[in-house]
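Got the viewer open? Here's a short walk through the model, one selection at a time.

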Protein chains: 2
Amino acid sequence: MKILVILGHPDQLSFNHAIASVICESLRADGHSIMFHDLYAEGFDPVLTKEEIPEDGFIPDSIARHCRELQAADGIVIIHPNWWGQPPALLKGWIDRVIRPGIAYRFDEGDSGEGIPVGLLKARTAVVFNTSNTPDEREVAVFGDPLEMIWRRCIFDLCGVGTFCRRTFNVIITSTLAQRRHWLNEAHDIVVDLFSEPGLENTGPLD
Amino acid sequence: MKILVILGHPDQLSFNHAIASVICESLRADGHSIMFHDLYAEGFDPVLTKEEIPEDGFIPDSIARHCRELQAADGIVIIHPNWWGQPPALLKGWIDRVIRPGIAYRFDEGDSGEGIPVGLLKARTAVVFNTSNTPDEREVAVFGDPLEMIWRRCIFDLCGVGTFCRRTFNVIITSTLAQRRHWLNEAHDIVVDLFSEPGLENTGPLD
(Lines give C-alpha, C1' and ligand atoms only; values in the text may rest on other atoms or scores of the structure.)
Protein backbone atom coordinates (compact mmCIF):
# COMPACT_ATOMS: atom_id res chain seq x y z
CA MET A 1 0.00 0.00 0.00
CA LYS A 2 1.02 3.61 -0.56
CA ILE A 3 0.85 5.40 2.77
CA LEU A 4 1.10 9.15 3.27
CA VAL A 5 2.64 10.16 6.62
CA ILE A 6 2.39 13.83 7.65
CA LEU A 7 4.23 15.19 10.71
CA GLY A 8 3.70 18.65 12.23
CA HIS A 9 6.03 19.45 15.14
CA PRO A 10 8.82 22.05 15.31
CA ASP A 11 11.33 20.07 17.41
CA GLN A 12 13.37 17.30 15.76
CA LEU A 13 13.89 15.79 19.22
CA SER A 14 10.16 15.70 20.03
CA PHE A 15 8.19 12.57 20.85
CA ASN A 16 6.13 13.35 17.73
CA HIS A 17 9.29 12.81 15.67
CA ALA A 18 9.95 9.53 17.48
CA ILE A 19 6.41 8.37 16.65
CA ALA A 20 6.88 9.30 12.99
CA SER A 21 10.19 7.40 12.79
CA VAL A 22 8.71 4.26 14.30
CA ILE A 23 5.68 4.39 12.02
CA CYS A 24 7.69 4.89 8.83
CA GLU A 25 10.08 2.06 9.77
CA SER A 26 7.27 -0.30 10.75
CA LEU A 27 5.32 0.31 7.56
CA ARG A 28 8.40 0.01 5.32
CA ALA A 29 9.32 -3.26 7.05
CA ASP A 30 5.82 -4.48 6.17
CA GLY A 31 6.47 -3.74 2.50
CA HIS A 32 4.45 -0.54 2.21
CA SER A 33 5.58 2.42 0.14
CA ILE A 34 5.84 5.57 2.32
CA MET A 35 5.38 9.20 1.28
CA PHE A 36 6.65 11.13 4.33
CA HIS A 37 6.58 14.87 5.03
CA ASP A 38 8.08 16.55 8.08
CA LEU A 39 6.34 19.85 7.35
CA TYR A 40 8.58 21.94 9.64
CA ALA A 41 11.81 20.43 8.29
CA GLU A 42 10.62 21.04 4.72
CA GLY A 43 9.66 24.67 5.41
CA PHE A 44 6.08 24.11 4.21
CA ASP A 45 4.24 27.41 3.60
CA PRO A 46 0.88 27.18 5.41
CA VAL A 47 -0.76 30.34 4.08
CA LEU A 48 -3.62 29.69 1.64
CA THR A 49 -3.95 32.59 -0.80
CA LYS A 50 -7.23 33.85 -2.22
CA GLU A 51 -6.11 32.72 -5.72
CA GLU A 52 -6.07 29.09 -4.51
CA ILE A 53 -9.60 29.10 -3.10
CA PRO A 54 -11.63 28.34 -6.28
CA GLU A 55 -11.59 24.72 -7.49
CA ASP A 56 -9.98 25.92 -10.74
CA GLY A 57 -7.72 28.44 -8.98
CA PHE A 58 -3.96 28.79 -9.42
CA ILE A 59 -2.05 26.10 -7.50
CA PRO A 60 1.74 26.34 -7.06
CA ASP A 61 3.72 23.24 -8.14
CA SER A 62 4.77 22.47 -4.57
CA ILE A 63 1.12 22.25 -3.49
CA ALA A 64 0.11 20.31 -6.62
CA ARG A 65 2.71 17.67 -5.70
CA HIS A 66 1.21 17.36 -2.21
CA CYS A 67 -2.24 17.02 -3.79
CA ARG A 68 -1.09 14.20 -6.11
CA GLU A 69 0.36 12.29 -3.15
CA LEU A 70 -2.88 12.70 -1.20
CA GLN A 71 -4.84 11.37 -4.19
CA ALA A 72 -2.46 8.42 -4.63
CA ALA A 73 -2.48 7.37 -0.97
CA ASP A 74 -4.15 4.11 0.07
CA GLY A 75 -3.72 5.12 3.71
CA ILE A 76 -3.00 8.32 5.65
CA VAL A 77 -1.18 8.83 8.96
CA ILE A 78 -1.09 12.24 10.70
CA ILE A 79 1.10 13.01 13.74
CA HIS A 80 0.92 16.26 15.73
CA PRO A 81 0.65 17.77 19.20
CA ASN A 82 -2.67 19.08 20.51
CA TRP A 83 -2.26 22.87 20.48
CA TRP A 84 -5.47 24.61 21.61
CA GLY A 85 -7.60 21.63 20.52
CA GLN A 86 -6.20 21.97 17.00
CA PRO A 87 -3.13 21.08 14.96
CA PRO A 88 -0.18 23.51 14.84
CA ALA A 89 -0.75 26.29 12.27
CA LEU A 90 1.79 24.70 9.93
CA LEU A 91 -0.24 21.49 9.69
CA LYS A 92 -3.50 23.48 9.54
CA GLY A 93 -2.04 25.11 6.44
CA TRP A 94 -1.43 21.68 4.87
CA ILE A 95 -5.14 20.98 5.48
CA ASP A 96 -6.19 24.35 4.03
CA ARG A 97 -4.02 24.04 0.90
CA VAL A 98 -3.81 20.31 0.10
CA ILE A 99 -7.26 18.95 1.04
CA ARG A 100 -8.72 20.80 -1.93
CA PRO A 101 -11.98 20.70 -3.89
CA GLY A 102 -11.52 18.47 -6.91
CA ILE A 103 -8.81 16.52 -5.06
CA ALA A 104 -10.37 15.40 -1.78
CA TYR A 105 -14.04 16.28 -2.28
CA ARG A 106 -16.41 17.83 -4.82
CA PHE A 107 -19.85 19.39 -4.90
CA ASP A 108 -22.56 17.97 -7.13
CA GLU A 109 -23.52 19.88 -10.27
CA GLY A 110 -25.67 22.89 -9.43
CA ASP A 111 -24.23 23.02 -5.88
CA SER A 112 -22.06 26.11 -5.54
CA GLY A 113 -20.70 25.03 -2.18
CA GLU A 114 -23.71 25.27 0.12
CA GLY A 115 -24.66 21.59 -0.10
CA ILE A 116 -23.22 18.25 0.93
CA PRO A 117 -19.89 17.41 -0.72
CA VAL A 118 -18.90 14.03 -2.09
CA GLY A 119 -15.67 12.50 -0.77
CA LEU A 120 -13.05 11.74 -3.43
CA LEU A 121 -10.11 10.24 -1.55
CA LYS A 122 -9.00 6.75 -2.52
CA ALA A 123 -7.59 6.08 0.96
CA ARG A 124 -9.84 3.76 2.96
CA THR A 125 -8.04 4.24 6.29
CA ALA A 126 -6.68 7.23 8.21
CA VAL A 127 -5.03 7.34 11.61
CA VAL A 128 -4.15 10.37 13.72
CA PHE A 129 -1.59 10.29 16.55
CA ASN A 130 -1.66 13.18 18.99
CA THR A 131 0.43 14.14 21.97
CA SER A 132 -0.97 16.17 24.83
CA ASN A 133 -0.31 17.34 28.37
CA THR A 134 -3.99 17.12 29.24
CA PRO A 135 -5.47 13.82 30.54
CA ASP A 136 -8.28 12.33 28.41
CA GLU A 137 -10.98 12.96 31.04
CA ARG A 138 -10.20 16.68 31.23
CA GLU A 139 -9.85 16.97 27.43
CA VAL A 140 -13.33 15.54 26.93
CA ALA A 141 -15.13 17.08 29.93
CA VAL A 142 -13.63 20.57 29.87
CA PHE A 143 -12.58 21.13 26.26
CA GLY A 144 -14.93 18.76 24.36
CA ASP A 145 -11.97 17.20 22.47
CA PRO A 146 -12.40 19.22 19.26
CA LEU A 147 -9.60 17.28 17.50
CA GLU A 148 -11.83 14.21 17.38
CA MET A 149 -14.51 16.17 15.51
CA ILE A 150 -12.02 17.95 13.29
CA TRP A 151 -10.22 14.87 12.00
CA ARG A 152 -12.99 12.28 12.10
CA ARG A 153 -16.03 14.29 11.05
CA CYS A 154 -14.95 17.54 9.39
CA ILE A 155 -12.09 16.03 7.38
CA PHE A 156 -11.97 12.25 6.86
CA ASP A 157 -15.71 11.50 6.87
CA LEU A 158 -16.27 14.37 4.45
CA CYS A 159 -13.50 13.18 2.11
CA GLY A 160 -14.83 9.61 2.04
CA VAL A 161 -12.23 7.87 4.21
CA GLY A 162 -14.31 5.18 5.93
CA THR A 163 -12.00 3.85 8.66
CA PHE A 164 -10.67 6.35 11.16
CA CYS A 165 -8.54 5.71 14.24
CA ARG A 166 -7.09 8.22 16.66
CA ARG A 167 -4.72 7.73 19.59
CA THR A 168 -3.62 10.48 21.95
CA PHE A 169 -0.52 9.87 24.06
CA ASN A 170 -0.72 11.83 27.33
CA VAL A 171 0.54 13.24 29.63
CA ILE A 172 3.83 13.72 27.76
CA ILE A 173 5.50 16.20 30.09
CA THR A 174 5.39 13.89 33.13
CA SER A 175 5.90 10.60 31.23
CA THR A 176 8.76 8.21 31.96
CA LEU A 177 11.12 6.71 29.38
CA ALA A 178 9.44 3.33 29.93
CA GLN A 179 6.03 4.88 29.26
CA ARG A 180 7.23 6.49 26.06
CA ARG A 181 8.82 3.21 24.90
CA HIS A 182 5.50 1.50 25.53
CA TRP A 183 3.67 4.19 23.51
CA LEU A 184 6.05 3.74 20.56
CA ASN A 185 5.34 -0.01 20.59
CA GLU A 186 1.65 0.80 20.64
CA ALA A 187 2.02 3.16 17.65
CA HIS A 188 3.85 0.37 15.81
CA ASP A 189 1.06 -2.15 16.55
CA ILE A 190 -1.70 0.27 15.53
CA VAL A 191 -0.30 1.04 12.08
CA VAL A 192 0.80 -2.53 11.37
CA ASP A 193 -2.69 -3.82 12.23
CA LEU A 194 -4.54 -1.06 10.38
CA PHE A 195 -2.58 -1.38 7.17
CA SER A 196 -2.23 -5.16 7.01
CA GLU A 197 -4.05 -6.54 3.99
CA PRO A 198 -6.50 -9.23 5.09
CA GLY A 199 -5.46 -12.72 4.00
CA LEU A 200 -1.81 -11.86 3.49
CA GLU A 201 -0.69 -13.00 6.93
CA ASN A 202 -2.48 -16.31 6.80
CA THR A 203 -0.48 -18.64 4.60
CA GLY A 204 -1.99 -21.88 5.91
CA PRO A 205 -2.74 -24.66 3.40
CA LEU A 206 -6.50 -24.19 3.47
CA ASP A 207 -6.32 -20.58 2.29
CA MET B 1 -12.29 50.49 26.43
CA LYS B 2 -9.29 49.16 24.51
CA ILE B 3 -10.55 46.56 22.05
CA LEU B 4 -8.38 44.19 20.05
CA VAL B 5 -9.86 43.21 16.67
CA ILE B 6 -8.22 40.32 14.76
CA LEU B 7 -9.22 39.45 11.18
CA GLY B 8 -8.11 36.32 9.32
CA HIS B 9 -9.28 36.16 5.69
CA PRO B 10 -7.19 36.33 2.48
CA ASP B 11 -9.59 38.38 0.33
CA GLN B 12 -9.89 42.14 0.91
CA LEU B 13 -13.32 42.00 -0.76
CA SER B 14 -14.61 39.26 1.53
CA PHE B 15 -17.63 39.55 3.80
CA ASN B 16 -15.20 38.97 6.69
CA HIS B 17 -13.51 42.26 5.76
CA ALA B 18 -16.89 43.99 5.63
CA ILE B 19 -17.68 42.69 9.14
CA ALA B 20 -14.32 43.93 10.43
CA SER B 21 -14.86 47.41 8.92
CA VAL B 22 -18.30 47.77 10.46
CA ILE B 23 -17.09 46.60 13.85
CA CYS B 24 -14.09 48.93 13.95
CA GLU B 25 -16.24 51.90 12.86
CA SER B 26 -19.00 51.09 15.34
CA LEU B 27 -16.63 50.72 18.26
CA ARG B 28 -14.67 53.88 17.39
CA ALA B 29 -17.94 55.81 17.12
CA ASP B 30 -18.72 54.63 20.65
CA GLY B 31 -15.45 56.10 21.90
CA HIS B 32 -13.47 52.88 22.20
CA SER B 33 -9.80 52.64 21.29
CA ILE B 34 -9.24 49.97 18.60
CA MET B 35 -6.15 47.82 18.02
CA PHE B 36 -6.86 46.21 14.63
CA HIS B 37 -4.90 43.54 12.74
CA ASP B 38 -5.75 42.24 9.28
CA LEU B 39 -3.31 39.32 9.59
CA TYR B 40 -3.19 38.56 5.84
CA ALA B 41 -2.66 42.21 4.87
CA GLU B 42 0.13 42.51 7.44
CA GLY B 43 1.88 39.32 6.27
CA PHE B 44 1.76 37.79 9.76
CA ASP B 45 4.07 34.76 10.07
CA PRO B 46 2.01 31.92 11.61
CA VAL B 47 4.81 29.42 12.23
CA LEU B 48 5.65 28.92 15.93
CA THR B 49 9.29 27.90 16.32
CA LYS B 50 10.59 25.53 18.97
CA GLU B 51 12.56 28.41 20.54
CA GLU B 52 9.28 30.20 21.34
CA ILE B 53 7.63 27.27 23.12
CA PRO B 54 9.09 27.70 26.66
CA GLU B 55 7.58 30.47 28.79
CA ASP B 56 11.01 32.13 28.93
CA GLY B 57 11.79 31.34 25.27
CA PHE B 58 13.00 33.82 22.65
CA ILE B 59 10.16 35.96 21.31
CA PRO B 60 10.65 38.15 18.21
CA ASP B 61 9.74 41.84 18.66
CA SER B 62 6.80 41.55 16.23
CA ILE B 63 5.24 38.82 18.37
CA ALA B 64 6.04 40.63 21.63
CA ARG B 65 4.08 43.64 20.31
CA HIS B 66 1.07 41.40 19.60
CA CYS B 67 1.39 39.97 23.13
CA ARG B 68 1.40 43.44 24.73
CA GLU B 69 -1.76 44.38 22.82
CA LEU B 70 -3.47 41.16 23.93
CA GLN B 71 -2.52 41.93 27.56
CA ALA B 72 -3.74 45.52 27.28
CA ALA B 73 -7.11 44.65 25.71
CA ASP B 74 -10.33 45.16 27.70
CA GLY B 75 -12.22 43.30 24.98
CA ILE B 76 -11.37 41.00 22.05
CA VAL B 77 -13.11 40.54 18.68
CA ILE B 78 -12.10 37.74 16.26
CA ILE B 79 -13.41 37.48 12.68
CA HIS B 80 -12.71 34.52 10.38
CA PRO B 81 -14.29 31.97 8.04
CA ASN B 82 -14.94 28.39 9.19
CA TRP B 83 -12.34 26.32 7.35
CA TRP B 84 -12.56 22.64 8.35
CA GLY B 85 -14.11 23.51 11.72
CA GLN B 86 -11.10 25.70 12.48
CA PRO B 87 -9.67 29.14 11.76
CA PRO B 88 -7.45 29.63 8.68
CA ALA B 89 -3.84 28.57 9.36
CA LEU B 90 -2.74 32.20 9.47
CA LEU B 91 -5.08 32.95 12.39
CA LYS B 92 -4.20 29.61 14.04
CA GLY B 93 -0.61 30.84 14.01
CA TRP B 94 -1.64 34.03 15.84
CA ILE B 95 -3.21 31.76 18.49
CA ASP B 96 -0.09 29.55 18.67
CA ARG B 97 2.35 32.47 18.94
CA VAL B 98 0.48 35.27 20.76
CA ILE B 99 -1.70 33.44 23.31
CA ARG B 100 1.42 32.52 25.28
CA PRO B 101 2.22 31.23 28.75
CA GLY B 102 3.02 34.17 31.00
CA ILE B 103 0.84 36.42 28.81
CA ALA B 104 -2.56 34.75 28.58
CA TYR B 105 -2.26 31.96 31.18
CA ARG B 106 0.19 30.47 33.66
CA PHE B 107 0.69 27.25 35.56
CA ASP B 108 0.90 27.24 39.36
CA GLU B 109 4.27 26.70 41.01
CA GLY B 110 5.27 23.04 40.84
CA ASP B 111 3.06 22.46 37.80
CA SER B 112 5.23 21.84 34.77
CA GLY B 113 2.33 22.05 32.34
CA GLU B 114 0.29 18.97 33.17
CA GLY B 115 -2.16 20.70 35.50
CA ILE B 116 -4.88 23.30 35.26
CA PRO B 117 -3.67 26.71 34.09
CA VAL B 118 -4.74 30.05 35.53
CA GLY B 119 -6.15 32.60 33.06
CA LEU B 120 -4.28 35.92 32.96
CA LEU B 121 -6.11 38.04 30.39
CA LYS B 122 -7.53 41.35 31.56
CA ALA B 123 -10.25 41.27 28.89
CA ARG B 124 -13.64 40.40 30.36
CA THR B 125 -15.43 39.92 27.03
CA ALA B 126 -14.61 38.18 23.76
CA VAL B 127 -16.71 37.81 20.64
CA VAL B 128 -16.07 35.65 17.59
CA PHE B 129 -17.72 36.24 14.21
CA ASN B 130 -17.58 33.37 11.72
CA THR B 131 -18.74 32.96 8.16
CA SER B 132 -19.72 29.58 6.77
CA ASN B 133 -21.40 27.83 3.85
CA THR B 134 -22.82 25.16 6.15
CA PRO B 135 -26.20 25.71 7.85
CA ASP B 136 -26.16 25.64 11.68
CA GLU B 137 -28.10 22.38 11.95
CA ARG B 138 -25.64 20.49 9.75
CA GLU B 139 -22.62 22.12 11.46
CA VAL B 140 -23.82 20.89 14.86
CA ALA B 141 -25.29 17.50 13.88
CA VAL B 142 -22.66 16.36 11.37
CA PHE B 143 -19.48 18.18 12.38
CA GLY B 144 -20.07 18.88 16.10
CA ASP B 145 -19.24 22.59 15.65
CA PRO B 146 -15.64 22.37 16.88
CA LEU B 147 -15.17 26.15 16.61
CA GLU B 148 -17.52 26.62 19.57
CA MET B 149 -15.31 24.40 21.74
CA ILE B 150 -12.08 25.86 20.42
CA TRP B 151 -12.89 29.50 21.09
CA ARG B 152 -15.18 29.24 24.12
CA ARG B 153 -13.60 26.40 26.07
CA CYS B 154 -10.04 25.77 24.86
CA ILE B 155 -9.09 29.44 24.51
CA PHE B 156 -11.20 32.09 26.28
CA ASP B 157 -12.36 30.06 29.29
CA LEU B 158 -8.80 28.90 29.84
CA CYS B 159 -7.42 32.44 29.62
CA GLY B 160 -9.97 33.81 32.09
CA VAL B 161 -12.25 35.74 29.73
CA GLY B 162 -15.64 35.31 31.38
CA THR B 163 -18.09 36.56 28.77
CA PHE B 164 -18.02 34.86 25.38
CA CYS B 165 -20.31 35.43 22.42
CA ARG B 166 -20.14 33.82 18.97
CA ARG B 167 -22.19 34.50 15.85
CA THR B 168 -21.88 32.54 12.62
CA PHE B 169 -23.28 34.12 9.46
CA ASN B 170 -24.38 31.43 6.99
CA VAL B 171 -24.90 30.43 4.24
CA ILE B 172 -22.64 33.09 2.68
CA ILE B 173 -22.40 31.70 -0.84
CA THR B 174 -26.15 31.82 -1.47
CA SER B 175 -26.86 34.99 0.55
CA THR B 176 -28.46 38.10 -0.93
CA LEU B 177 -27.19 41.64 -0.62
CA ALA B 178 -30.13 42.41 1.67
CA GLN B 179 -29.22 39.46 3.89
CA ARG B 180 -25.61 40.56 4.12
CA ARG B 181 -26.67 44.14 4.96
CA HIS B 182 -28.85 42.73 7.74
CA TRP B 183 -25.92 40.67 9.06
CA LEU B 184 -23.67 43.74 9.15
CA ASN B 185 -26.30 45.58 11.18
CA GLU B 186 -26.44 42.61 13.50
CA ALA B 187 -22.64 42.61 13.91
CA HIS B 188 -22.85 46.34 14.75
CA ASP B 189 -25.53 45.74 17.39
CA ILE B 190 -23.67 42.82 18.97
CA VAL B 191 -20.41 44.69 19.54
CA VAL B 192 -22.07 47.93 20.60
CA ASP B 193 -24.16 46.06 23.19
CA LEU B 194 -21.31 43.86 24.41
CA PHE B 195 -18.85 46.68 24.91
CA SER B 196 -21.18 49.31 26.33
CA GLU B 197 -20.22 50.19 29.88
CA PRO B 198 -23.14 49.64 32.26
CA GLY B 199 -24.50 52.82 33.73
CA LEU B 200 -23.11 55.09 31.02
CA GLU B 201 -26.28 55.07 28.91
CA ASN B 202 -28.61 55.80 31.78
CA THR B 203 -28.37 59.45 32.63
CA GLY B 204 -31.66 59.73 34.45
CA PRO B 205 -31.85 61.93 37.55
CA LEU B 206 -32.08 59.02 40.01
CA ASP B 207 -28.79 57.50 38.89
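Start by selecting B:Gly75, B:Val77, B:Ile79 and B:Pro81: these point one way from strand S3 of chain B. Now add B:Ile76, B:Ile78 and B:His80, which point the other way, and note that all of them are buried. That is the usual pattern: in a regular strand the side chains alternate between the two faces of the sheet. S3(B) runs over residues 75-81, and seven of its seven residues are buried. Keep in mind that this is a predicted model.

**The strands on either side**

Colour strand S1 of chain B, residues 2-7, next. S1(B) pairs with S3(B) in the parallel sense, over five bridges. To see the register, zoom in on B:Ile6, which stands opposite B:Ile78. Then go to strand S6, residues 125-131 of chain B, which is parallel to S3(B) too and joined to it by seven bridges. Here the pair to click on is B:Ile79 and its bridge partner B:Phe129.

**The whole sheet**

Zoom out and show five strands of chain B in the order S2-S1-S3-S6-S7: they form an open sheet with parallel pairing. Strands S2 (33-38) and S7 (163-169) each have a single partner strand, so each edge strand has one side without a neighbour in the sheet. On average, neighbouring strands are turned by 15 degrees against each other, direction ignored. Over at the S2 edge, six bridges link S1(B) and S2(B); B:Leu4 with B:Met35 is one of the bridge pairs to look for. Now bring up helix H7 of chain B, residues 177-194, which packs on the sheet and touches S3, S6 and S7. The direction of H7(B) makes about 170 degrees with that of S6(B).

**A stop at B:Thr125**

Go back to S6(B) and pick B:Thr125. Is B:Thr125 buried or exposed? It counts as buried, because it has 20 C-beta neighbours inside 10 Å. Leaving out residues up to four places away in sequence, B:Thr125 touches B:Gly75, B:Val161, B:Thr163, B:Leu194 and B:Phe195. Try the distance tool on that last one: B:Thr125 and B:Phe195 are 70 residues apart in sequence, yet 7.9 Å apart from C-alpha to C-alpha.

**Across to chain A**

Show both chains. A turn of 180 degrees, with a shift of 0.0 Å along the axis, lays chain A on chain B with an RMSD of 0.0 Å. So what you have is the relation of a two-fold axis. The same surface serves both copies, with 100% of chain A's contact residues recurring in chain B.

Select the interface: 34 residues of chain A are in contact with 34 of chain B. On the chain A side, helices H4 (89-98), H5 (136-143) and H6 (146-157) each supply at least two residues. By type, that side divides into 19 nonpolar, nine polar and six charged residues.

Stay with H4(A), where ten of ten residues are buried; among them are A:Trp94, A:Asp96 and A:Arg97. Its cover includes S1, H2, H3, S3 and H6 of chain A, together with H4 of chain B.

**Last stop: the core**

Finally, highlight A:Val77, A:Ile155, B:Val77 and B:Ile155, which touch the most other members of the largest nonpolar core, a set of 108 residues. Centre on B:Ile155: beyond its neighbours within four places in sequence, its contacts are B:Ile95, B:Ile99, B:Ile150 and, from the other chain, A:Trp84.

Conventions. Residues are numbered from 1 along each chain as its sequence is written. Chains are lettered from A and ligands numbered from 1 in the order in which they are written. This is a predicted model: local features need pLDDT of at least 70, side-chain atom pairs count only at pLDDT 80 or more; totals for chains, interfaces and linings use all residues. A residue is buried if 20 or more other C-beta atoms lie within 10 Å of its own, exposed if 12 or fewer, and partly exposed in between; C-beta atoms are placed from the backbone. Helices (H or I, at least four residues) and strands (E, at least two) are DSSP runs, numbered from the N terminus. Two strands pair if DSSP finds at least two bridges between them. Copies are superposed by least squares on the C-alpha atoms of residues with pLDDT of at least 70 in both. Two residues are in contact if their C-beta atoms, placed from the backbone, lie within 7 Å. Ala, Val, Leu, Ile, Met, Phe, Trp, Tyr, Cys and Pro count as nonpolar, Asp, Glu, Lys and Arg as charged, and the others, Gly among them, as polar. A nonpolar core is a set of buried Ala, Val, Leu, Ile, Met, Phe, Trp, Tyr and Cys residues joined through C-beta atoms within 7 Å. Axes are lines fitted to C-alpha atoms, for helices over the stretch in contact, and angles run from 0 to 180 degrees between N-to-C directions.
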